[in-house]
Amino acid sequence: MINIQDIRETARDMLTKGEVRAVIGYRRGSRGMLAEPTFITSAEQADELVWDPTCFHNLSLYLVHDRKFLAHIRKNAEAPVAIVAKGCDARSIVVLMQEHYFKREDVYIIGVSCEGTGVLDERKLAKHLNGAQASNVAFDGGDFVFTTAEGEKRLPAREVMADRCLECRIPFPREHNIVFGEDKTGRQLEAPFAALTRFEAQGTGARWDFWSHHFDRCIRCFACRSVCPMCYCDECVVDSITFPVTTETTAEDKANRIRWIERSAVRSENITYLMTRAMHLAGRCTDCGECERACPVNVPIRLLNNKMEREAREQFGFEPGASIGGPSLVASFLDRDPGDFIR
Amino acid sequence: MTKKRTGVFVCHCGTNIAATVDVAKVAKEMAGENTVAFTQEYVYMCSEPGQESVVQAIKDNKLDSVVVTCCSPNLHEKTFRDNAERAGINNFTCEIANIREQCSWVHNDKAKGTEKAIKISRSVVRRVNRNQALDAVAVNVTRRAMVIGGGIAGIQAALDIANAGIEVVLVEKQATIGGRMLQLSETFPTLDCSQCVLSPKMVEVKRHPKIKLMTYSDVQEVTGSVGNFRVKVHKRSTFVDPDKCKICDHCTVVCPVVVPNEYELNLTARRAIYIPYAQAIPASFTLDEDACLGLNPVVCGKCKDVCEAGAIDYDMRSQTVVEDVGAIVVATGFDLYDQANMQELGGGKIEDVLDGLQFERLCSASGATQGHVLRPSDHKEPKEVVFIQCVGSRDPAKHCAYCSKICCMYTAKHARLYKKHVPDGRAYVFYIDIRSGGKGYEEFVQRTMEDDDTLYLRGRVSKLYRHNGKVRVLGTDTLTGQNVEIDADMVVLALAMVPSKGTTEIAKVLKIGRDKDGFMAEAHPKLRPVESVTGGIYLAGAAQAPKDIPETVAQAGAAAAKVIALLSQATLNRSPLIAKVRRSHCTGCGMCVEACPFIAIRLEGGKAVVNEALCEGCGSCSATCLRAAIDVKNVTQLQIYEMIEACLAV
Amino acid sequence: MSEQQVYEPRIVAFLCKWCSSAGSDLAGVSRIQYPANATPITVPCTGAISPMYIMSAFNKGADGVLVSGCHIGDCHYIEGNYLARRKMKLIMELLEFIGVEPNRFRMSWVSAAEGAKFAKVVTDFVNDLKPLGPQDKLKKAEHT
């Protein structure tokens, strides 16, 4: 059981000593019970920090923003940034470090274990509350305790947890500078890739019916891309409007942009966008689930990423974000990689 | 970007293309392309007038790029690029659209063939639209060569190269050079003594100031590319100092270990310390580490005790030597097809059934029987000998599909040698066809049949087995339709030639292709028969295909000429089709660095940087980069994208 | 396309320069006939084939996509085909996952010596594609 005071104390201490220039964490948000990301830069703000089941956000996104901002104002980081990271978030940070996005010493990871639970799925909760609103939620062992107008309501976490947390194999940030909470790796809430396995049991036709429905609905708002820490490219290959013009941009670069897809949000282009995204996240996605949570039209994006994650794991023995010095999925190979599909 | 002015030149190739592709329609369609300023068709574009007309058209129409729709780029890409250069435009703005091998020759429906030819041509026109003028990258050349394999092919190639003043490293796996030819008794069609012809060349190799001879050595690793290879050679220890060894033979007398002598095809035995042949080069004994009791004076040490020259050193260690060379000749030779595969002929388990090489050793004055033809089982002179041709050859269902080419001739030679050694003996030859093309070859076979009274039986042998101390041969004479049964004293099998053991491995090390039969593949069957697909690596001898000695020597000379031509240049032009980073898009993630097979990319200041001297232009980086931030010049992702579009345009 | 016309699948064939393109040249030299449905695009190596090429070909209306390169161990660039094997496996899995018929994407190893094999690979692919009919799942809608 994590005591929030420990996290606050750590943040306060480091900011006081000037060991970090900021702490990226969660604070109480302005909308109901939900937490929101915060960037605190002074010891006095440490008491804002919270840790509860609504801390969904993968804060490593803000490490990416931070680096981009520094690059924009042409400044070097004077001190590291501390960040509160769950298991999946910490793995994202590892992938970013694998890709040299920042160095290990640039980041101080305040690890938080999800222990026996994980984060909340708002939609699941809404069903349980029957229209009532919760103003607060807290971890309590295997339960989540909600504060509602009618008083306290206790629910087993398993009933209202996000699917990805139920399927999570390693609910613990292995890469950390300091960590709070117990390592409950090996807890078995639901089999890994359970939802994926159920989906795949359907035939080709049924799968296409499912996906064509969702591909039709995608509005290409790019929320999934915006919220993903791995989508840190300045220019997205499948959305060339975000063209980076830097001092190094040549006329040739400008002339050689490829319009892999058109901008209109129609099915064929949506498919190409979402599949490209899945390919580009293969071996990099750590299943933080933010893309799916951010999607305004509820495209089950996680399923695509999950599929790639499982193939990487089962075919190539690959775990995303396992170690900073480890290989990347598509730039490496093993002699024993499957080849029986090749004629 | 100003609009390109591309010229499209459609070749009829006589009727090779024109018969199944409507060339006029291809030209007309290409004329409709936005960037095409000129089109022309011609019956033979690669002919002198054809090439001239291209030059003229480039000049007259101020073309800046060229597409020739014709045969495979492997044939005439260079022709037309050189031609473009003659017309004053950059050669890398010229591309070939292959509408012959990949279209007209494989489709006989003219409408469909034409449609495909248009798609292919259009895709290449679109590609050329974005081709950049590039200058070849000049690299210095290492003026040294390596020859792998010390048989007649390797010896000839090494001597020819060395005589041109270029240093050669000759690497041989065995303890002596000489290869298969050194095992032969006499050679067809002149019946001159094989060793008498070969030995002087071997000595010349040894004495040649420009040849560095490395026997008992294996090529382990090859890096680099044409002009600058770096080769790691593993030199196994012989435990005998060749400079001190006086070949006095005292060591073999005392050596207590007896093992089969592989140089005599196991017809005799040798000691753990041995010299392969009296004529071996280097003239030195070799201590077989696997057979020796332990390289330890406590265990045995007899040879070391008896060696007055002090040549034996048990502490000698194998070593790995790195050699930098500019070109490599592969002359790794052949082996005989394994008799064990020939179950119907006893699978190598029937006594007195020999292979051709073993028979050579029986005939050889320096061989197992000092030149007397004696059958192995009882050392008696065989009075009836059956020679069987095409054993394992020309049998696509069960064995090798190809003709081993030399068996007709050497079997005739064997029959003649046999009659010379055993004048009252009788020789039978089972054959399918007699293939005796070659200077003096047909006459040689005829003499064998007529003068030596050899009985040629056209047919296959179905079975061999021991019967009353002889080998019973069951066969058919297809000319008379009779079954034939011969009780032979000895049977000699003309086994198929196969690539020598280790060919697979060495081909992998060298990154050169092999053909469907496992022989080293030449770059083009007619026009580039001594070049491998990889630049700077050449082929000689039976490693490339079955061939006899004169052909081998000729090919070795040709390979040497190629090497000399290559290494006589001060610098080489490397292909400029190498990777280029779009720095504005590179985030420095390092995936390209990880994917590059040539360690040609590094991160510098957070961006990928390509080492132009190491990049081979494979494009692994480009397909791995998530940001399309790295591309191979003139094969960019944008170009491929536009080619895809062209292929699918209705 | 009218109902009466025989459906001819359109295939984009990405061939590596050293093995499969040379293999298809050999098919030509040997005059081995095969259907004209596959338009070849020669690339230096299968390792140079970005998954985007596959996506793009389907997006532009290809009925099938073929990727062909050197056998494992024979890559002219040592390990390009190993990298390709992994990438192509992933894109193949993803295509099947969203409900694209597995027979629409194919990968083969065809060496420079395997002209007959190249012809067979294309022939088989065309035969397998014909019953599937035109690919319209990933195809960009035609502008009208």
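What share of the contacts in chain B between residues at least 6 apart in sequence join residues at least 24 apart? Select chain B and keep that in mind. This is a predicted model.

**Stop 1: the whole of chain B.** Chain B has 650 residues, and 52% of them count as buried. Look for 17 helices and 36 strands. Along the principal axes, the C-alpha atoms fill a box of roughly 85 × 65 × 40 Å. Now the opening question: 69% of those contacts join residues at least 24 apart.

**Stop 2: where chain B touches chain C.** Show chain C too. Each side is listed here: 43 residues come from chain B and 43 residues from chain C. On chain B, select α4 (100-104), α5 (110-129), α16 (620-624) and α17 (637-648); each supplies at least two residues to the side that touches chain C. α17(B) gives the most, with 8 residues. Colour this side of chain B by class: 17 residues are nonpolar, 14 polar and 12 charged.

**Stop 3: helix α7 of chain B.** Select residues 194-207. These 14 residues should span 20 Å at 1.5 Å a residue, and the end C-alpha atoms are 21 Å apart, which agrees.

Which residues of α7(B) are buried? They are Ser194(B), Gln195(B), Leu198(B), Met202(B) and Val205(B). Look down the axis of α7(B): the buried residues fall within an arc of 85 degrees, so they line one face of the helix. An α-helix has 3.6 residues a turn, so residues three or four places apart point the same way.

Turn to the face away from the buried side. Exposed here are Cys196(B), Pro200(B) and Arg207(B).

**Last stop: the neighbours of α7(B).** Add α6 (152-163), β7 (167-171), β8 (186-187), β9 (192-193) and β10 (211-214) of chain B. The buried residues of α7(B) pack against these elements.

Methods
Residues numbered from 1 in each chain as written. Chains lettered and ligands numbered in written order. Predicted model: local features only at pLDDT ≥ 70, side-chain atom pairs only at ≥ 80, totals over all residues. Helix = DSSP H or I, 4+ residues; strand = E, 2+ residues; numbered from the N terminus. Buried ≥ 20, exposed ≤ 12 C-beta atoms within 10 Å, placed from the backbone. Contact = placed C-beta atoms within 7 Å. Nonpolar A, V, L, I, M, F, W, Y, C, P; charged D, E, K, R; others polar. Expected span 1.5 Å × (residues − 1). Arc of directions from axis to C-beta.
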